[in-house]
Amino acid sequence: MDFDLTDDQRLLGESVARLLADEYAFDQRKKLLGVAPGWSEALWARYAELGLLGLPIPEEYGGFGGGAVDVMLLQQAFGRHLVLEPFLATVVLGATAIREAGDKALQEEFLPAIAAGECKLAFAHYERQSRYDITDVLTTATPRNGGWVLEGGKSVVLHGDCADKLVVSARTGGSREEAEGISLFLVEGEAEGLLRRGYALRDGTRAAELSLSGAAARLIGPKDQALPIVERVVQAGIAAMAGEVIGAMEAMQAMTLDYLKTRQQFGRPIGDNQALQHRAAEMLVAMEQGRSMAMLAAMSLSEADPAERARSISMAKVGVGQAGRFVSQNAVQLHGGIGMTDEYAVGHYFRRVMVIEHMFGDTAWHLDRLADQVQ
Amino acid sequence: MDLRYTEEELAFREEVRAFIRDNLPREIRERMRLGYPPRKQDTITWQRILNARGWAAYSWPKEWGGPGWNSVQKMIFLEENLSAPAPEILSFNVTMLGPVLIQFGTEAQKRRFLPAAANLDEWWCQGFSEPGAGSDLASLKTRAVKEGDHYIVNGQKIWTSTAHNADWCFCLVRTNPQAAKKQEGISFLLIDMKTPGVEVRPIISIDGSHHLNEVFFTDVKVPVENLVGEENRGWSVAKFLLGNERTGIARLGKSKERVRFAKEVAREVRMNGKPLIEDRGFRTRVAQLEVDMKALEITQMRVVSAYDKAKDGRPDPLSSVLKIKGTELLQGTSELVMDVGGPQAMPAWTQELAALTNEPALLPEWSPQMAPAYLMLRAASIYGGTNEIQKNILNKAVLGL
Ligand SMILES: Cc1cc2nc3c(=O)[nH]c(=O)nc-3n(C[C@H](O)[C@H](O)[C@H](O)COP(=O)(O)OP(=O)(O)OC[C@H]3O[C@@H](n4cnc5c(N)ncnc54)[C@H](O)[C@@H]3O)c2cc1C
């Protein structure tokens, strides 16, 4: 085992931390919220310049050829600052779909553009009725004029409102909840027959509801057999979000510790109360357990055995989800009233962790997966 | 020992239930069922309907317009009201101010304020907490200096719930900064929110709503007849207020109603290709909550009947058990509801969504309040004495540690 970071990874972490310290203070972030597009296009360009958008993209396609650990570190830094840009949607979910589904030509078409910050993607798989069930796809694809058209809807599509192109799953065969018959398509953001209704999630990040009525689509990857690719994309998303939760927990833990030392009640810092010292220690325990699980998620993405990979990812989602809930609830509690306000950063971390927990399968859903496999 | 309700108690529950069923406006009930907090006017409307029946001031003696119920009746009433679900009776008026005036107020104060409080003709808020005085309430600094027949009040309150709706505020102020103990220099004042020098500033909470406020007092003139109890004895009034009404503290009816709602939605959403309600893990989680609610229901009955028997009006320190467990259940059931909604509970329903009303609904009608309710209920273990402070009380008053 080796938990050491390479020099490159350390450098990456430091340079991103510097950038975000300058550009992503809590007040700067607040200015981005609520004003279209809900994130910073200028920073998106900076990320591209710094090579962040090409981090996991192979060098032959203009990227840095980084691995899951690099993405985890970057996401951790993003989590500490609650970064709003569509990195997860584009560079993690979108690019993974292109890499897994696409031939060389498709990769050449997309990956360099993603790395250069010239193409934003979104991954539109889950539907309103599907909740977390990955095979519950009702959207259909029908051949037309040598291409395809899509009918149906997609729900809570992360950054679906701003994507230039969307990776959309649809049925080319089979029926609801069948593993076979799911295919992946590319749909232009401005396609006729695509209605996108964008909104903010509870944490301020953007998402959209999609209605597809005859939208033109281009098949990518194997027809009817895209479920394993969807799984890969979701797993990459879970691993990346796990990193983000670690960053958010670190920030909450730091703020809480600071508050315990400075807030005075009954003539002394509240942190002098052993009850609160123990709570802070429990938060630390949870955070470290969560961190281990985020590492497991990152490392297991390269696991070749699909069952083993799925198992590790589910374990990580559960571990990180539980740690995140515990740490964020206690961070608010130990702040008292101030923790309940929108003016104070703790509540923003709380909501980011809450939203992540309810994406791509929540704790109960993944535990259920694991329970099925107990021997 | 008999854990069953008596015939009379059952008949009483039926009477309350029937009244609420027949009189609670449908639109208010439906909004509450979907988890929306009551609007100001909903609270007023419902409290006036109850008051016309003589039930709004549910804990007051008959003499002052209350029904004169015993603790079990009060508990049944509150539970039925919450689980209807109906707007809660404004606690500032009924469980806080009312009993304080009945115990400590002058005749003139009672006549002037009690009927209007019961009928919610005047909306009260609670001005206790300050930036530097939360758990350590007695360290409050807002100053009141007597000048002739007025007090001149200067200072700041914070976390003042619904101050922006309020006509009046009952406040703790410092009248003697030189007192040997900080508890000894505090007085309980009634302040008209329309007095010049009172300024209310909103605080937006993590659910995005405006419930909390800061209230600033700058040379606010308060007539001396608005002092409740004796000058510098306000701490006993505050302790009476905080310890007085324990019947409703667990808000068990609310938790029960939320579990019911979660089960309803769980019939609609899916898990592994079948309705969530059929999922074993979900059922186990609901069962656990139901076990805890049952235990709390009985504990609550025990505390309440002991209180009735003791008749000394002193709060039972065991009521801290009700506060701790009651708020844990409120939080646990709000988590359940949100988790049932899952991804559909995550979008923020802001103006941009409301503006799209002509289009087909973006999300199911049950979803918009799931996350905000969960977020706001994180405060349940903070207000009314944090759960850590409740544990300190148990340590001192019951365990002798
Ligand atoms: C939604 C909401 C509504 C409210 N409404 C009102 C209102 O209408 N009127 C009003 O006057 N106030 C109101 N409050 C204020 C509330 O009563 C205070 O927030 C509460 O008393 C805690 O005070 P604080 O926020 O200053 O936290 P602090 O007292 O600073 O506490 C911070 C943390 O330290 C812990 N702590 C403090 N002392 C100890 C100790 N000795 N041992 C162990 N742990 C300790 C606390 O439990 C908490 O976790 C409201 C608060 C909220 C959140």
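**Close-up 1. Polar contacts of the ligand with side chains of chains A and B in the predicted model.** A polar side-chain atom of A:N273 is placed 3.5 Å from a nitrogen atom of the ligand. From chain B, the side chain of B:S161 brings an N or O atom to 2.7 Å from a nitrogen atom of the ligand, and the side chain of B:N392 has an N or O atom at 3.0 Å from a ligand nitrogen atom. Taken on its own, the ligand has 970 Å² of accessible area, of which the protein covers 94%.

**Close-up 2. The shell of residues around the ligand, drawn from chains A and B.** The ligand is surrounded by 28 residues, and the closest of them are A:R263, B:S135, B:S161, B:T386 and B:E388. Because the surrounding residues come from both chain A and chain B, the site is shared between chains. Sorted by class, the shell holds 13 nonpolar, 13 polar and two charged residues. Two or more residues of the shell are given by α9 (306–335) of chain A and by α13 (387–399) of chain B, and α13(B) supplies the largest share, which amounts to three residues.

**Close-up 3. Packing of helices α4 and α5 of chain A.** Two packed helices are described by the angle between their axes together with the distance between those axes. For helix α4 (residues 68–81) of chain A and helix α5 (residues 87–101) of chain A, the angle is about 170 degrees and the axes are 13 Å apart. Since angles over 145 degrees count as roughly antiparallel, α4(A) is roughly antiparallel to α5(A). On the side of α4(A), the residues in contact are A:V71, A:L74, A:Q75 and A:F78, and these meet A:F87, A:L88 and A:V92 of α5(A). The contact of α4(A) with α5(A) comprises six nonpolar residues and one polar residue, with no charged residues.

**Close-up 4. Cis peptide bonds in loops of chains A and B.** Most residues other than glycine have a negative phi, and most peptide bonds are trans. In chain A, the bond that joins A:A36 and A:P37 is nevertheless cis, with omega at about 0 degrees, and A:P37 belongs to the loop between α2 (26–32) and α3 (41–49) of chain A. In chain B, a cis peptide bond runs from B:A84 to B:P85, with omega near -5 degrees, and B:P85 is located in the loop between α4 (71–83) and α5 (91–104) of chain B.

**Close-up 5. Positive phi at residues other than glycine in loops of chains A and B.** Although A:D224 is not a glycine, its phi is positive, at about 70 degrees, and A:D224 is found in the loop between β7 (206–220) and α7 (227–262) of chain A. In chain B, B:L120 is likewise a residue other than glycine with a positive phi, here near 55 degrees, and B:L120 lies in the loop between α6 (107–118) and β1 (124–127) of chain B.

Note on methods:
Residues are numbered from 1 along each chain as its sequence is written. Chains are lettered from A and ligands numbered from 1 in the order in which they are written. This is a predicted model: local features need pLDDT of at least 70, side-chain atom pairs count only at pLDDT 80 or more; totals for chains, interfaces and linings use all residues. Side-chain values use heavy atoms; hydrogens and water are left out. Axes are lines fitted to C-alpha atoms, for helices over the stretch in contact, and angles run from 0 to 180 degrees between N-to-C directions. Helices (H or I, at least four residues) and strands (E, at least two) are DSSP runs, numbered from the N terminus. Angles under 35 degrees count as roughly parallel, over 145 as roughly antiparallel, 65 to 115 as roughly perpendicular and the rest as oblique. Contact means heavy atoms within 4.5 Å. Ala, Val, Leu, Ile, Met, Phe, Trp, Tyr, Cys and Pro count as nonpolar, Asp, Glu, Lys and Arg as charged, and the others, Gly among them, as polar. A residue is near a molecule or strand if one of its heavy atoms lies within 4 Å of it. A polar contact is a pair of N or O atoms within 3.5 Å; within protein, one must be able to donate a hydrogen and the other to accept it, and residues adjacent in sequence count only if both atoms are side-chain atoms. Accessible areas come from the Shrake-Rupley method with a 1.4 Å probe; for residues, only the protein chains shown count as cover.
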